[in-house]
Amino acid sequence: MESSQLGIQIAYVVAAALFIFGLKLLGSAGTARRGNTLSAIGMLIAIVAALTDQGIVDYRFILGGFVIGGLIGATASRLVQMTAMPEMVALFNGFGGMASLLVGAAAISGAVGTFTLITVVLSILIGGVTFTGSLIAYGKLSETIGSGAVTFKGQQIVNSLIVIGIVASAIMFCLTPSDPVWLYTVIGLSLLFGIMLVIPIGGADMPVVISLLNSYSGLAACAAGFAVNNNILIVAGSLVGASGIILTQIMCKAMNRSLSNVLFSGFTAVSDETVEIEGEVKPISVEDAFYVLEAATNVAIIPGYGMAVAQAQHVVKELCELLEENGCEVNFGIHPVAGRMPGHMNVLLAEADVPYDQLLEMDEINPRMETVDVAIVIGANDVVNPAAREVASSPIYGMPVINVDSARTVFVLKRSMASGFAGIENPLFFKENTRMLFGDAKETIGGLIREFS
Amino acid sequence: MEAVFLTFILMLSIFVGFELINKVPATLHTPLMSGANAISGITVVGAISLAGTGQQDLANWMGAGAVALASINVIGGYMVTDRMLAMFKKRGG
């Protein structure tokens, strides 16, 4: 190995160490920012090292790519609203996938041996699926296309045919790499398969999908690493792959569903038998709600995506401060699938200056629920639905939920009586200790704040 | 042998990845994902050599496209993650 090549390899080792150490620091909120910086330094070292490669004779294309990509990335990261983070991550997953597809395809001319050809096909395949899958996920999350599940008769058969087509053309490509037809077939079918994979998945399952696509974008980078024989791509790609898979598992567990169930069945199999719900909905005025809150010593706030839609996180923080001044303990209970991506609620509340040690996970808040005077549900529905515990025929039966109904009183802030994202009835609204605060969440909480001051 | 060597690296990094990510608290899952976006932009390293061949053929253009897309992830991913993590504060801090 010549000395310049050795230098590059050593730089990659340093970069890999920095990535790993950066992820380790992400294990605690106090050190996470430093971890991200370390990871970025690792990336910088890897890029500078790659630029010193002697095979590079023309820097114009590289520079052009950097400038365009860098500008877009920097602008997007400055302008994106925290409510729109799921869309942004979905889109970035897609870009990562497409980059790996391009690297795989461009590496064909230099590819020797069947093993390398197989990895080329894999990077194209995973990259292509990630790209179009992420675009569809982006469309569903930003609601530029309908967020519902798209299913049709014979979908499984069509998908099976696509898979067979991909495998067959991939084999043909590895046998006759000089014939571009098979390459184009693999690319085309992978792109199609990405679309087919995500369209049957409904909006409520999006946290699972973007976690999974996150993982794919890492695996695609990994495969591209094999294709161009580069170990830093393999290390970094597999770290991302592992991260995505773990998040996918957490999301699936939080919905009590298997991954295959999320991917292939959607919520389409909802039984027609309507659940018999007893009791009646009891609305409460803002004024009466205030008297209850004023007397409370322990309040738990359970936010859902509706809080983000109403942009209510800042007034929630204000209410939280007023309650604390009144000598009341306030905690937030965050369900793993609240919001549209893992950890989404936490970021929105952090943006509103809610300290992170006030944000409790479901397993921490549930045992305390019986000592809570008032549980305020803001824009959440399915994650507090007691039907998940009580109604065996409910599509979400068995899903772990935040047991707000064990609190002394439950306030549900809701626009109207429409059912949640998953379209499931919620018996919580009819419980004895539940009071409904109808209207826009931001205005309702604003009203409570005025009562306090 | 090369293939075996690379697969070895793959296996070890996956194990390290699982160990590390399992320790990330749920509070930080969104920054974790956007940070992972940034790391998956590592493809830029593979794309650089393909974009710098000076051939000006299709592969060269594809390399340049990959550099652009991966840089979006790298720059955008790290910057937005930093922006988010800066917002996480402790009580009274």
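1. Let us start with strand S5 of chain A in this predicted model. Strand S5(A) has 5 of its 6 residues buried, so it is largely enclosed by the rest of the structure. Its partner on one side is strand S6 of chain A, residues 434-438; the two run parallel and are held by 5 bridges. If you want a place to look at that pairing, find A:Leu413, which stands opposite A:Leu437 in S6(A).

2. Next, please move to strand S4 of chain A, which spans residues 374-378. S4(A) and S5(A), residues 409-414, are parallel and joined by 5 bridges. Two facing pairs help to locate this: A:Val374 stands opposite A:Thr409 in S5(A), and A:Ala375 stands opposite A:Val410 in S5(A). S4(A) also pairs with strand S1 of chain A, residues 298-303, again in the parallel sense and over 5 bridges. There, A:Val299 is the residue opposite A:Val374 in S4(A).

3. How many residues of strand S4 of chain A are buried? The count is 5 of 5, and the strand is described as mostly covered. A helpful rule here is that side chains in a regular strand alternate between the two faces of the sheet. In S4(A), one side carries A:Val374, A:Ile376 and A:Ile378, the other side carries A:Ala375 and A:Val377, and all of these are buried. Both faces of S4(A) are therefore covered, with a residue counting as buried when 20 or more other C-beta atoms lie within 10 Å of its own.

4. Now a step back to chain A as a whole. Chain A contains 17 helices and 6 strands. Its radius of gyration is 25 Å, close to the 22 Å that the globule rule gives for 453 residues, so chain A is as compact as a globular protein of that length. Along the principal axes, the C-alpha atoms of chain A occupy a box of roughly 75 × 50 × 35 Å. Buried residues make up 52% of the 453 in chain A. Among contacts in chain A with a separation of 6 or more, 78% are between residues 24 or more positions apart.

5. Chain A is split into two domains, domain 1 covering 80-265 and domain 2 covering 286-452. Taken over C-alpha atoms, their centres are 36 Å apart. Where the domains meet, 18 residues of domain 1 of chain A are in contact with 17 residues of domain 2 of chain A. On the domain 1 side, helix H4 (85-106), helix H8 (206-227) and helix H9 (231-254) of chain A each supply at least two residues. That side of domain 1 of chain A divides into 14 nonpolar and 4 polar residues, with no charged ones.

6. How many residues does each chain bring to the contact between chain A and chain B? Chain A brings 97 residues and chain B brings 76 residues. On the chain B side, helix H1 (2-22), helix H2 (29-40), helix H3 (43-51) and helix H4 (58-85) each give at least two residues. H4(B) gives the most, with 26 residues. The chain B side consists of 44 nonpolar, 25 polar and 7 charged residues.

7. Some annotation of chain B is worth having at hand. An unreviewed UniProt entry marks residues 8-90 of chain B as "domain: NAD(P) transhydrogenase alpha subunit C-terminal". In the model, residues 8-90 of chain B are 77% helix and 0% strand, and the end C-alpha atoms are 41 Å apart. UniProt, again in an unreviewed entry, lists "transmembrane region" for residues 6-22, 34-52 and 58-81 of chain B. Residues 6-22 of chain B are 100% helix and 0% strand, with end C-alpha atoms 24 Å apart. Residues 58-81 of chain B are likewise 100% helix and 0% strand, and their end C-alpha atoms lie 34 Å apart.

8. Finally, two backbone details deserve a glance. A:Glu143 has a positive phi of about 55° although it is not a glycine. A:Glu143 sits in the loop between helix H5 (114-141) and helix H6 (155-175) of chain A. With 10 C-beta neighbours inside 10 Å, A:Glu143 counts as exposed. A:Asp353, also not a glycine, has a positive phi near 70°. This residue, A:Asp353, lies in the loop between helix H14 (344-351) and strand S3 (359-361) of chain A. A:Asp353 counts as partly exposed, with 14 C-beta neighbours inside 10 Å.

Conventions:
Residues are numbered from 1 along each chain as its sequence is written. Chains are lettered from A and ligands numbered from 1 in the order in which they are written. This is a predicted model: local features need pLDDT of at least 70, side-chain atom pairs count only at pLDDT 80 or more; totals for chains, interfaces and linings use all residues. Two residues are in contact if their C-beta atoms, placed from the backbone, lie within 7 Å. Helices (H or I, at least four residues) and strands (E, at least two) are DSSP runs, numbered from the N terminus. Ala, Val, Leu, Ile, Met, Phe, Trp, Tyr, Cys and Pro count as nonpolar, Asp, Glu, Lys and Arg as charged, and the others, Gly among them, as polar. UniProt positions are given in the numbering used here, feature names are shortened, and annotations may be inferred rather than shown by experiment. Domain bounds come from an automatic or database domain assignment. A residue is buried if 20 or more other C-beta atoms lie within 10 Å of its own, exposed if 12 or fewer, and partly exposed in between; C-beta atoms are placed from the backbone. Two strands pair if DSSP finds at least two bridges between them. The radius of gyration is taken over C-alpha atoms; the globule rule is 2.2 Å times the number of residues to the power 0.38.
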